[in-house]
Amino acid sequence: MAHRAVAAQSLSGTLELDPAKTLIEFRLPGTLHTTHGKFKLEHGTIRADLATGEASGSIVVDARSGDTGIGARDNEMRKSVLEAQRYPTITFEPRHATGQLGRDGQLQARLQGILTIHGAEHEIVVDVQGRLVGDNLVARTHFSVPYVEWGMEDPSVLFLTVAKKVDLDIATSGNVVWTGDSARSSH
């Protein structure tokens, strides 16, 4: 298999994420136990040009899909914390991208953008690690959301307290369509 022999600075393309191959997990530590759950990706597209740093697109997550496996807790999370009926989606819109793609296909990137959750926009930066094989990118990232600081309800009750930040781990796969010099240099 031939690897991309293109300088990372000239990489430009569009990544279409596959919802069936995307896992969005969250972890919320608490006094008695840690709550684990998942969300579903509706769709996602990231356009990035590492030569200019320009990035655009949108990653959309269904806020109503939050699932911890315990119905009452899930209903409370959707109703009181996320207010998912009023704010049914969580979106990330990349605005700036930097990164490096090694000859072995290893990707190290940083995306800066706007995370819209619970009706409010927040600037965030996420570090992404991945591997490009042909035109398929498998990538992962980890970041925390200070949901209480960002105006969402703290679900703690009496001595059953939880952290004020929720940790997110995202693993995804998608197809890259190259543009510009990248298209001519592929394979």
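Tutor: A residue is called buried when its relative accessible area is under 20%, exposed when that area is over 50%, and partly exposed in between. By that scale D169, at 25% relative accessibility, counts as partly exposed. The model we are reading is predicted.

Student: How should confidence be read in such a model, and where is it lowest and highest in the chain?

Tutor: The score to consult is pLDDT, the predictor's confidence in each residue. Here the chain averages 91, and 90% of the residues score at least 70. Confidence is lowest in helix α2 (residues 180-185), with a mean of 51, and highest in strand β4 (residues 54-67), with 98. Over residues 1-9 the pLDDT is below 50, and this stretch has 25 contacts in the model beyond near neighbours in sequence. The score also stays under 50 over residues 183-187, for which the model has eight contacts beyond four places in sequence.

Student: How does one read a salt bridge, and which residue does D169 meet?

Tutor: Side chains of opposite charge can pair when their charged atoms come close. In this structure D169 forms a salt bridge with R27, and the closest N and O atoms are 2.9 Å apart. The pair links distant parts of the chain, with D169 in strand β9 and R27 in strand β2, 142 residues apart. R27 is partly exposed, at 27% relative accessibility.

Student: Which other residue forms a salt bridge with R27?

Tutor: D167 does, with its closest N and O atoms 3.8 Å apart. D167 lies in strand β9 (residues 166-178) and R27 in strand β2, so this pair ties together parts 140 residues apart in sequence. D167 counts as buried because its relative accessibility is 18%.

Student: How many salt bridges are counted in total?

Tutor: The count comes to six. One of them joins the side chains of D62 and R64, at 3.1 Å from N to O. D62 is buried, with a relative accessible area of 17%, whereas R64 is partly exposed at 40%. Salt bridges that share partners join R27, D167 and D169 into one network.

Student: How is strand pairing read, and in which sense do β5 and β6 pair?

Tutor: One looks at the bridges between two strands and at the sense in which they run. β5 and strand β6 (residues 106-117) pair in the antiparallel sense over ten bridges. Within this pairing, T98 stands opposite R110 in β6. β6 is in turn joined to strand β7 (residues 120-133) by twelve bridges, and these strands also run antiparallel. There A109 stands opposite V128 in β7.

Student: Where does T91 lie, and is T91 buried or exposed?

Tutor: T91 is in strand β5 (residues 89-101). With a relative accessible area of 13%, T91 is buried. Its contacts beyond four places in sequence are I59, V60, I114, L115 and T116.

Student: What should one look for in the backbone at the turns?

Tutor: Most residues other than glycine have a negative phi. The hairpin of β5 and β6 has four residues between the strands, and G105 there takes a positive phi near 90°. The hairpin of β6 and β7 has two residues between the strands. In the loop between β6 and β7, H118 has a positive phi near 55° although H118 is not a glycine. H118 is buried, with a relative accessible area of 13%.

Student: Where is E83, and what is its phi?

Tutor: E83 is in the loop between α1 (71-81) and β5. Its phi is positive, at about 45°, in a residue that is not a glycine. At 25% relative accessibility, E83 counts as partly exposed.

Student: How is a nonpolar core read, and which residues touch the most other members of the largest one?

Tutor: In soluble globular proteins, nonpolar side chains tend to be buried together. The largest nonpolar core here has 43 residues, of which L115, V145 and Y147 touch the most other members. β6 gives the most to this core, with five residues. Beyond four places in sequence, Y147 is in contact with residues including L28, V81, M152, P155 and V162.

Student: How many aromatic pairs does the structure hold, and how are the rings arranged?

Tutor: The structure holds one aromatic pair. The ring centres of F26 and F39 are 5.2 Å apart and the planes stand at 40°, so the pair is tilted. F26 in strand β2 (residues 23-28) and F39 in strand β3 (residues 35-49) are 13 residues apart. Both F26 and F39 are buried.

How values were computed. Residues are numbered from 1 along each chain as its sequence is written. This is a predicted model: local features need pLDDT of at least 70, side-chain atom pairs count only at pLDDT 80 or more; totals for chains, interfaces and linings use all residues. Side-chain values use heavy atoms; hydrogens and water are left out. Buried means under 20% relative accessible area, exposed over 50%, partly exposed in between (1.4 Å probe, protein chains only). Contact means heavy atoms within 4.5 Å. Two strands pair if DSSP finds at least two bridges between them. pLDDT is the predictor's confidence in each residue, from 0 to 100. Rings of Phe, Tyr and Trp (its six-membered ring) pair if their centres lie within 6.5 Å; planes under 30 degrees apart count as stacked, over 60 as edge-to-face and the rest as tilted. A nonpolar core is a set of buried Ala, Val, Leu, Ile, Met, Phe, Trp, Tyr and Cys residues joined through side-chain atoms within 4.5 Å. A salt bridge is a side-chain nitrogen of Lys or Arg within 4 Å of a carboxyl oxygen of Asp or Glu.
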